[in-house]
Amino acid sequence: MTDISPVVPQNRQVVESYGSRCFRISGTIWTGSVLLRPDVVLSWPVTAFREVVLESLMPLTESGNAPEILLIGCGTRAEMMSRTLRDAIRAEGMIADTMDTGAACRTYNVLVAEDRRVAAALIAVE
């Protein structure tokens, strides 16, 4: 049998599982929504996509090393981002994409394995 698990660079945060309103990220359980970069995980008080505003995403850029790609896990289903929010995120130097939280977790892990400058804003799901 051939192992096809992605090789993730050392010391990177990866999503191992999600559901039951929590995430297991690199061995640690996080209850509720999270902001995630390869080097850090932060609790995020957002519980629904309608609460996502630029200011709530700014902790992802605080280190001065803004991600190139921002994935927004909207919960159980993908949502469309307003043009205003998309433009504001782009003005911060990021390209954003919305998808359901599961797809955002999987996509984030692939991009981390490729050593891309990625971040994820993940709304917790049941």
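Helices (H or I, at least four residues) and strands (E, at least two) are DSSP runs, numbered from the N terminus. This is a predicted model, in which local features need pLDDT of at least 70 and side-chain atom pairs count only at pLDDT 80 or more, while totals for chains, interfaces and linings use all residues. Residues are numbered from 1 along each chain as its sequence is written, and side-chain values use heavy atoms, with hydrogens and water left out.

**Figure 1. Overview of the chain, with 3 helices and 8 strands.** The order of elements along the sequence is β-β-β-β-β-α-β-α-β-α-β. The C-alpha trace spans about 50 × 30 × 25 Å along its principal axes. The radius of gyration, taken over C-alpha atoms, is compared with a globule rule of 2.2 Å times the number of residues to the power 0.38. For 126 residues a compact globule would have a value near 14 Å, and the chain agrees with its 14 Å. Of the 126 residues, 45% are buried, where buried means under 20% relative accessible area, exposed over 50% and partly exposed in between (1.4 Å probe, protein chains only). Among contacts (heavy atoms within 4.5 Å) with a separation of 6 or more, 63% are between residues 24 or more positions apart. The exposed area of the chain is about 7000 Å², and carbon and sulfur atoms supply 50% of it; accessible areas come from the Shrake-Rupley method with a 1.4 Å probe, and for residues only the protein chains shown count as cover.

**Figure 2. Close-up of threonine 98 in strand 7 (residues 95–99).** Threonine 98 counts as buried because its relative accessibility is 13%. A polar atom of its side chain lies 2.6 Å from the backbone oxygen of glutamate 79. Such a polar contact is a pair of N or O atoms within 3.5 Å; within protein, one must be able to donate a hydrogen and the other to accept it, and residues adjacent in sequence count only if both atoms are side-chain atoms. With residues up to four places away in sequence not counted, threonine 98 touches Phe49, Ile72, Cys74, Glu79 and Met81.

**Figure 3. Close-up of serine 56 in helix 1 (residues 54–57).** Serine 56 has a relative accessible area of 15% and is therefore buried. A polar atom of the serine 56 side chain is 2.7 Å from the backbone oxygen of valine 53. Neighbours within four places in sequence aside, serine 56 is in contact with Leu35, Trp44, Val46 and Glu51.

**Figure 4. Close-up of threonine 76 in the loop between strand 6 (69–73) and helix 2 (83–91).** With a relative accessible area of 72%, threonine 76 is exposed. Its C-alpha atom is separated by 7.8 Å from that of glycine 102, 26 residues apart along the chain. Threonine 76 touches Asp100 and Val125, residues up to four places away in sequence not being counted.

**Figure 5. Close-up of serine 20 in the loop between strand 1 (15–19) and strand 2 (22–25).** Arginine 21 is found in the loop between strand 1 and strand 2 as well. Phi of serine 20 is near 55°, a positive value in a residue other than glycine. For arginine 21, also a residue other than glycine, phi is positive and near 65°. Most residues other than glycine have a negative phi. Serine 20 counts as exposed at 60% relative accessibility, whereas arginine 21, with a relative accessible area of 29%, is partly exposed.
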